[in-house]
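User: Please take a close look at the internal cavities of this structure and at what surrounds them. I am new to it, so a plain account will do.

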Amino acid sequence: MAQINVNNLTFAYEGSFDNVFENTSFSIDTNWRLGFVGRNGKGKTTFLNLLLGKYEYEGNISTNTIFDYFPYIVNSEELTKTAGELIESWKPGVEIWRVMCELPELSIDAELLYRPFGTLSFGERTKIMLAILFSGGNDFLLIDEPTNHLDKEAREIVKSYLKKKKGFILVSHDRDVLDACIDHVLVLNRASIEVQTGNFSSWWENKEKADSNARVENEKHLKEIGKLEVAAERAGRWAEKSENTKIGFDPIKEHDRSIDTRGYIGAKTKKMQKRVKAYEGRIDREIEKKEGLLNDIEEVTDLKLMPLKYHKERLLFGRDYSFKYKDSDNNVFDGLSFVVIDGENGSGKSSLIKAILDMNRGIVKENANFEGEGILEVPENLVISYINQDTSHLKGFLKDYCELQGLDYTLFLSLLRQLDFERVQFVKPMEQYSEGQKKKVLIAASLLTSAHLYIWDEPLNYIDVFTRMQIEKLIETYRPTMLLVEHDVTFKEKIANKVIRL
């Protein structure tokens, strides 16, 4: 067992207005199964890259540990090579037999090591990379969101595999995966960093209690400050009134007062003024105790949605529907009737969405790149708000994006703030955003679009846990008509009233 000690770490990207880390200190053990949790853009992936030595920083990270990172980078040229050919560049010195020993635990055949990497599914690529990752010696492994784009079955396999391992940091926003795979949590709070024993649920329970106690303590201090301010103001008025009687008096009206009374009044006033100073000191101490109490509380703002009502109850209808691309001999799926869709990678979920969107946009069959048989009905004038899996088209600045999408720029920024965007992000080009921040741009655009039907294709990839909870509450509150593709088990259990599996 070794330790990774972080002391007074400070880091900012070149040209950035804000520090990602500032005087940050903590320690972790290399035999932990450590979950890494935090809001999008807080610096999780950045910290992993700092451990890998990719950036210069101030402060100190001390350890004798060797790190390895998932996912391995694969360029377009390497997609034509096999995983067997790429192993040496990914993890130099690893022996192929060690990789093959890991593959059965991931329910994958060794034959896939000798297929072109670009022909493998997301799930197959993830499993092969994980097998190679864990084939080394005593490396401490940095695993960055391994379950994105994976279907339920693949997630279960990866989850079971990681449960048997140790010596890694797992960056994930999937509550089900975190609960199953980790024994410690490293959390990037709003104003602090904490390390706790346990899984995500135990940390979240502790956080809710701590937040509740902080709110109660804050309220207590506010009441005490209010009482002290009233007392200080009252004592101040008395002192001022007493001071005003010190000079000048009418001997006829105040016949019982002598010149010597002036000294007595002065002493009394001084005593009152000391009392005011004492109250002010107590107010300052109460304010000091109150400071920072609410800094780490996650205040999740309730989101709003403006769904449209369609004049017909049925928005989509499919019966015995089969679908294939024109350049393919095989159907993507056969005989489909649906309400909400789920299924393995490659089962046709996104293809079905594409068919619905093309029909909605009025793309006629002759010009479409797909062929469908059976019944798939999309009524006329149906307004659809769509979130794509892909974020690569997000480039340039938010103002230009809003103009292109026909969105109110002010409302758009306000909604992004509710999704925990810092204002400093508004002046950056979207190419500098994290994947989670890019996904929030797409979600905000969809939420600002009044629609009859919301079609979201894997909207939660890269989205932080707190925003997932925020979106769950939104859907439960407004209950819009939605067609969702999503593999987050907890999210599906909370919001889906019907699931159709392809």
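Analyst: Sorted by class, the residues lining the largest cavity are four polar and four charged, with no nonpolar residue. The model is a predicted one, and this cavity holds about 50 Å³ of space. Its lining consists of Glu 145, Thr 147, Asn 148, Arg 155, Ser 172, His 173, Asp 174 and Arg 468.

In total there are two cavities of 30 Å³ or more. The second largest encloses about 40 Å³. Around this second cavity lie Lys 152, Arg 155, Glu 156, Lys 159, Asp 174, Asp 176, Val 177 and Val 489. By class, that makes six charged and two nonpolar residues, and no polar one. Arg 155 and Asp 174 appear in this lining and also in that of the largest cavity.

Two helices each supply at least two residues to the lining of the second largest cavity: helix 5, residues 152–163, and helix 6, residues 175–181. Helix 5 gives the most, with four residues.

Next comes the loop that joins helix 5 to strand 7, where strand 7 covers residues 168–171. Gly 167 sits in this loop. Gly 167 counts as buried because its relative accessible area is 5%, and the cut-off for buried is under 20%. Asn 31 is 136 residues away from Gly 167 in sequence, yet the two C-alpha atoms are 4.2 Å apart in space. Beyond its neighbours within four places in sequence, Gly 167 is in contact with two stretches: Thr 30, Asn 31 and Trp 32, and also Asp 139, Phe 140 and Leu 141.

The nonpolar residues can be taken last. The largest nonpolar core has 44 residues, and those touching the most other members are Ile 128, Leu 130, Phe 134, Ile 143, Leu 162 and Leu 170. Helix 4, residues 122–133, gives the most to this core, with six residues. Leaving out residues up to four places away in sequence, Leu 130 touches Phe 70, Leu 106, Ile 143, Val 158 and Tyr 161. A second core, separate from this one, has 36 residues, among them Phe 412, Leu 415, Ala 444 and Met 482.

To return to the cavities, the lining of the largest has no nonpolar residues, while that of the second largest has two.

Notes
Residues numbered from 1 in each chain as written. Predicted model: local features only at pLDDT ≥ 70, side-chain atom pairs only at ≥ 80, totals over all residues. Heavy atoms only, no water. 1 Å grid on protein atoms, 1.4 Å probe; cavity = no way out; pocket = protein on both sides within 12 Å on 5 of 7 lines; lining within 4 Å. Points joined across faces, edges and corners; volume = space filled by probe spheres on them. Nonpolar A, V, L, I, M, F, W, Y, C, P; charged D, E, K, R; others polar. Buried < 20%, exposed > 50% of the residue type's maximum accessible area, 1.4 Å probe, protein only. Contact = heavy atoms within 4.5 Å. Core = buried A, V, L, I, M, F, W, Y, C linked by side-chain atoms within 4.5 Å.
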